[in-house]
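This report describes a structural model, first by chain and then by local detail. Please keep the sequence and the 3D view open while reading.

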Amino acid sequence: MIKRRVQYELAKRVVGPFITSLDQWKSKQRQKKRKPRASEFGPPLQTIGKLKEIMTKHYLEGRYADGAVPVAWVTSGFPSEILRPFDFHVVYPENHAAVCAARKQVPQISEPIEMQGFSRDLCSYARTDMGNALITNTPVGRLPKPDLLCCCTNICQTVMYWYRWLADYYNVPLILIDTPFIYGAMKDHHIEYISDQLEELMVIAERVSKKHIDREVYTNILNLAGEGCQLWGECLETGQAKPSPWTGFDTFFHIAPIVAIRGTEECNAYYRMLRDELKDRISKGIGGIKNEQYRLLWDNLPMWFNVAEFATMFAEKGFNFVCATYSNAWAEAKDLLTPEDPFGSCAEAYARVYLNRDMKNRLETMKEMATAFDVDGAVLHSDRSCKPYSVGQIDVKRKFAEDLGIKSIVLEADHGDQRLYSKEQGETRLQAFMESFSE
Amino acid sequence: MSKPVGIGVDIGSTTWKAVVIDKDGKILAKKIESSDPLIERQTNRALAELREMAGAPDDIHVGATGYGRKQVKATKVLTEITCHAKGAFYNTKSSCVLIDIGGQDTKVIYIGERGEVTDFAMNDKCAAGTGRFLEVILGRLKVDFEDIEQRINSVEKSILISSTCTVFAESEVVSLLAQGKDVNQIVKGLHDSLSTRVLALAGNLTANIPIYMSGGVAHNPAMVRALTTTSGKTINVLPEPQLIGALGAALSVL
């Protein structure tokens with residue numbers, strides 16, 4: 001235990017910062033040697049270095065976390081703020097699966113679990129996560145074993161079965177926060193139902209971490225999380241400028257801290273820095289792409305395995321994704337998390353997430369975004385791995401055309417598994433979509 | 001003879017098509033061949049022959065489309081959706097819906113009043129509802145293209161093929177043959193199934209907007225009739241339906 005704790009602290013305080021500094025130095029050296037290439041993109045964001053530093057440190061800490069501090073694995077929609085006062089090292093397997101997908105490693109990682117009979121139609125995040133448990137070797141080295149598993153049904157029902165498998169495999173307690181699907185307005189009994197579960201969660205978290213909650217610490221973390229969502233929202237709003245100072249694809253990467261280290265000062269300091277840089281770019285007229293002619297909205301998760309390729313294909317033709325419903329989802333809680341009612345507000349914030357609300361709300365949110373960001377069109381990613389997110393897109397497409405006169409295209413693909421995307425056919429459809437604006 | 005000013009080449013999965021047009025878009029020469037796996041070699045040779053046929057200069061502008069479009073040294077490269085819309089609009093001069101059933105894919109394109117693409121839909125990743133689907137199943141039934149209409153007209157009933165996946169549909173046909181079912185009824189059912197599939201792509205065609213058809217399958221009158229019957233609408237076949245994409249590509253370089 002003491003040895004693990006020393007390793008963990010060393011990784012956190014010494015090795016992590018050293019590796020990231022070394023990485024940044026190497027990157028600068030490579031850039032000096034490299035001839036400048038013609039690019040359709042604006043200059044890279046300076047904060048990308050800090051982003052790499054934060055996330056490298058996060059994953060490096062994770063390698064030595066088990067045995068040193070309590071480890072909790074959580075779904076992306078879980079109220080992880082509640083776990084932080086217990087000093088849990090919080091791991092987001094979905095975030096990790098996205099890293100695996102970006103490295104195009106999902107097929108090989110999910111193969112062992114497919115061999116056990118899990119269908120390829122199952123979410124690629126779930127397959128990657130369960131497969132990762134079996135192979136224990138990933139692009140980030142290794143994930144720490146969980147002491148506690150926490151899932152929340154606000155993003156999908158798959159998480160329930162996925163985390164049950166993990167609980168069985170790792171033989172650790174599983175906390176399930178059930179959020180009723182919200183049709184129309186949220187009712188008091190919804191909040192009460194979820195708040196009660198959060199109180200129960202505390203008891204289990206206390207037992208696993210062997211630590212009592214300090215409610216003041218929790219309230220402070222909740223405050224920080226609320227501020228973090230606010231700052232992330234301010235970063236995203238800069239996309240309303242013309243040209244947008246960044247691209248929707250940039251937002252997919254800069255989202256990592258608000259997902260993985262939400263509720264920390266480090267997270268908020270990062271977004272202040274990013275927001276200031278984006279505002280500075282606006283004042284200097286620097287765009288995410290050099291020649292922004294058309295502005296698009298992206299719906300659903302990105303296709304992590306070809307983000308750069310995709311971004312280039314659009315940028316070459318003067319198309320920029322200036323907003324994305326996926327990135328926006330982490331800014332939605334900005335006004336909801338309040339210290340006056342730490343459990344009730346948390347219950348409300350996590351039940352009101354985009355994916356847990358009815359089609360009418362989703363459509364209204366998208367229409368508001370389309371108007372605020374003044375988009376010319378939308379790409380609706382019909383994600384094989386995320387059906388709750390993809391359902392209703394045909395109606396969205398029709399309503400966008402009827403109500404806003406905006407063209408959209410539904411693209412069949414997947415957020416993690418490149419085997420489920422037909423590149424040639426997908427690109428032909430997207431190129432035809434782009435041509436329909438100019439030809 | 002008017003002067004050739006543009007060439008359009010449409011390299012599809014099954015056939016290689018090209019046209020030479022004058023400044024008004026009139027087709028002066030055309031060429032249709034089976035697609036060669038060596039796209040660049042075929043295109044260089046066939047385009048040289050076509051230029052010679054039409055007396056076109058070597059530096060004439062070339063527009064390329066179709067799956068092999070990236071292999072062509074062209075003035076302009078556009079997707080088949082845009083080119084089909086251009087080719088169709090040249091003929092119709094008005095807003096319309098175009099159903100194009102080619103070898104590898106089926107497209108439904110909504111064309112606006114200025115000839116612009118307002119919306120489009122294509123078949124999924126598989127060959128469901130495409131010319132290739134028909135070709136494979138008819139091949140399994142040993143039915144010649146020329147006999148299709150007469151065979152369909154000889155029966156009243158049709159046996160529907162429930163699967164639109166080419167591989168599964170072939171298995172289904174094999175089972176039907178094993179049960180001793182009538183080949184002509186299967187052929188009729190095949191066309192009915194395909195038309196249902198295509199019209200599902202087209203979505204709601206209740207608007208009073210003319211419907212046109214292009215692609216190699218438009219040469220199959222039985223398919224046109226099946227689409228007409230299933231949709232309850234008139235389906236007009238464009239002149240030279242197989243060359244609409246190539247014509248659009250040529251028009252794009254004018």
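The text below covers chain B, its contact with chain A, and some backbone features of both chains.

This is a predicted model, in which local features need pLDDT of at least 70 and side-chain atom pairs count only at pLDDT 80 or more, while totals for chains, interfaces and linings use all residues. Residues are numbered from 1 along each chain as its sequence is written, and chains are lettered from A and ligands numbered from 1 in the order in which they are written.

**Chain B as a whole**

The secondary structure of chain B consists of eight helices and 10 strands; helices (H or I, at least four residues) and strands (E, at least two) are DSSP runs, numbered from the N terminus. The C-alpha trace spans about 60 × 40 × 30 Å along its principal axes. The radius of gyration of chain B is 19 Å, which agrees with the value near 18 Å for a compact globule, because the chain has 254 residues. That radius is taken over C-alpha atoms, and the globule rule is 2.2 Å times the number of residues to the power 0.38.

Of the 254 residues in chain B, 47% are buried. A residue is buried if 20 or more other C-beta atoms lie within 10 Å of its own, exposed if 12 or fewer, and partly exposed in between, with C-beta atoms placed from the backbone. Among the contacts in chain B with a separation of 6 or more, 69% are between residues 24 or more positions apart; a contact requires C-beta atoms, placed from the backbone, to lie within 7 Å.

**Sheet and helices of chain B**

An open sheet of five strands in chain B has the order β8-β7-β6-β9-β10, with mixed pairing. Its edge strands, each paired on one side only, are β8 (117-122) and β10 (235-237) of chain B. From one strand to the next, the twist averages 25°. Strands count as paired if DSSP finds at least two bridges between them. β6(B) and β7 (residues 106-111) of chain B run antiparallel and are joined by six bridges; C96(B) has I111(B) in β7(B) as its bridge partner.

Helix α2(B) lies across β6, β7, β8 and β9 (211-214) of chain B and runs at about 55° to β7(B). Such angles run from 0 to 180 degrees between N-to-C directions, and the axes are lines fitted to C-alpha atoms, for helices over the stretch in contact.

Helix α6 (residues 183-202) of chain B has 20 residues and reaches 29 Å from its first C-alpha to its last, close to the expected 28 Å. The expected span is 1.5 Å times one less than the number of residues. G203(B), just after α6(B), takes a positive phi of about 70°.

**Contact between the chains**

Chain A and chain B each give 10 residues to the contact. On the side of chain A that touches chain B, helix α18 (residues 423-438) of chain A supplies the largest share, seven residues. By class, that side has one nonpolar, five polar and four charged residues. Here Ala, Val, Leu, Ile, Met, Phe, Trp, Tyr, Cys and Pro count as nonpolar, Asp, Glu, Lys and Arg as charged, and the others, Gly among them, as polar.

**Backbone exceptions**

Most residues other than glycine have a negative phi, and most peptide bonds are trans. The table lists two non-glycine residues with positive phi.

| Residue | Phi | Loop | C-beta neighbours within 10 Å |
|---|---|---|---|
| N300(A) | about 90° | between β5 (294-299) and α12 (307-316) of chain A | 22, buried |
| K93(B) | near 60° | between α2 (80-92) and β6 (96-101) of chain B | 10, exposed |

A cis peptide bond, with omega about 0°, joins K242(A) and P243(A). P243(A) is in the loop between α8 (215-237) and α9 (248-254) of chain A.

Conventions. Contact = placed C-beta atoms within 7 Å.
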